[in-house]
Amino acid sequence: MSSIFAYIFLGVSMAAPIGPVKSVLLNKGLKHGFFHAWFFSLGAITTDIMYMLIVYFGVGQFIESPLLKIILWSFGCFVLLYTGIENLLSEQKIDMISKSRKRVRLRQSILSGFLMSLLNPLTILFWLGIYGSILAKNAGVATGFEIILISAAILFGISIVDLTMSFLSGGARKLLSTKLLKWVSIISSVSMIGFGIYFGIQAFQALF
């Protein structure tokens with residue numbers, strides 16, 4: 001049981017840093033409320049499960065292909081730059097009226113979370129490195145059921161962080177002023193652009 005809590009804490013630790021996906025999640029919560037941020041995170045977790053299965057069944061070596069890495073870095077660069085710049089240039093205001101939340105469908109949020117995480121090279125490298133090492137450590141020691149418990153504990157830890165961030169960003173709409181919310185949204189957008197530039201540099205370096 002203590003080891004399960006350790007893997008839950010591992011999931012929390014891995015999900016806590018603000019990366020490109022978390023930046024978009026916070027932006028979703030600020031603009032559209034808790035449920036859009038939470039559904040966005042559900043889409044991202046779906047990608048996490050998919051990559052866990054890929055690593056578990058031993059096909060992770062295909063992801064390590066140099067050409068595929070260049071493609072993923074490039075796609076990640078494009079998606080993050082486009083999203084960040086669009087948020088900065090958008091004339092849409094963070095409307096404090098609850099009706100504004102209906103402008104975006106929840107299924108759009110979950111799909112954007114899935115695609116954002118799917119095209120995020122850091123997600124792939126993360127699961128190949130962390131989860132791959134966990135499987136290697138427990139190979140021949142843990143049973144299939146124990147591997148499932150370990151995987152579920154990690155995902156549970158990630159879900160705790162996502163739920164907390166969704167709640168905080170959604171609740172911030174009611175607690176903070178519109179001007180402050182806009183500044184927080186701008187900061188998260190600049191963060192997306194920064195990660196996009198980083199991904200672009202990685203793609204360029206991978207070519208040479």
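Is Tyr56 buried, partly exposed or exposed? Tyr56 is partly exposed, because its relative accessible area is 40%, which lies between the 20% and 50% cut-offs. Keep that residue in mind. We will come back to its partner.

One caution before we go on. This is a predicted model.

Let's start with a helix. H3 runs over residues 34-56. That makes 23 residues. At 1.5 Å a residue, H3 should span 33 Å. Its end C-alpha atoms are 32 Å apart, so the expected and modelled spans agree. What follows H3? Gly58 does, and its phi is positive, near 75°.

Now the aromatic rings. How many aromatic pairs are there? The count comes to two. Take Phe34 and Phe35. Their ring centres are 5.1 Å apart. Their planes stand at 70°, which is over 60, so this pair is edge-to-face. Phe34 is partly exposed, at 22% relative accessible area. Phe35 counts as exposed, because its 53% is over the 50% cut-off.

Here is the partner I promised. Tyr56 pairs with Phe57, also edge-to-face. The centres are 5.2 Å apart, with 85° between the planes. Phe57 counts as exposed, with 61% relative accessibility.

Next, charge. Side chains of opposite charge can pair when their charged atoms come close. How many salt bridges does the structure hold? One. It joins the side chains of Asp162 and Lys22, at 3.1 Å from N to O. Where do the two residues sit? Asp162 is in helix H8, residues 144-175. Lys22 is in helix H2, residues 20-32. The two are 140 residues apart, so the pair links distant parts of the chain.

Are these two buried or exposed? Asp162 is buried, with a relative accessible area of 2%. Lys22 is buried as well, at 11%. Both calls follow because buried means under 20%.

Last stop, the surface. Which residues form the nonpolar patch there? Ile85, Leu88, Leu89, Trp183, Ile186 and Val190. Together they have about 580 Å² of accessible area. Two helices each supply at least two residues of the patch: H5, covering 66-89, and H9, covering 178-207. Pick out Ile186. It sits in helix H9. Ile186 counts as partly exposed, because its relative accessibility of 34% falls between 20% and 50%.

To recap: one buried salt-bridge pair, Asp162 with Lys22. Two aromatic pairs. And one nonpolar patch on the surface, fed by H5 and H9. Thank you.

Definitions and conventions. Residues numbered from 1 in each chain as written. Predicted model: local features only at pLDDT ≥ 70, side-chain atom pairs only at ≥ 80, totals over all residues. Heavy atoms only, no water. Helix = DSSP H or I, 4+ residues; strand = E, 2+ residues; numbered from the N terminus. Expected span 1.5 Å × (residues − 1). Salt bridge = Lys/Arg side-chain N within 4 Å of Asp/Glu carboxyl O. Buried < 20%, exposed > 50% of the residue type's maximum accessible area, 1.4 Å probe, protein only. Phe/Tyr/Trp six-rings, centres within 6.5 Å; stacked < 30°, edge-to-face > 60°. Patch = residues over 30% accessible without salt bridge, like charges linked within 9 Å, V, L, I, M, F, W, Y side chains within 5 Å. Areas by Shrake-Rupley, 256 points an atom, 1.4 Å probe, with all protein chains shown as cover.
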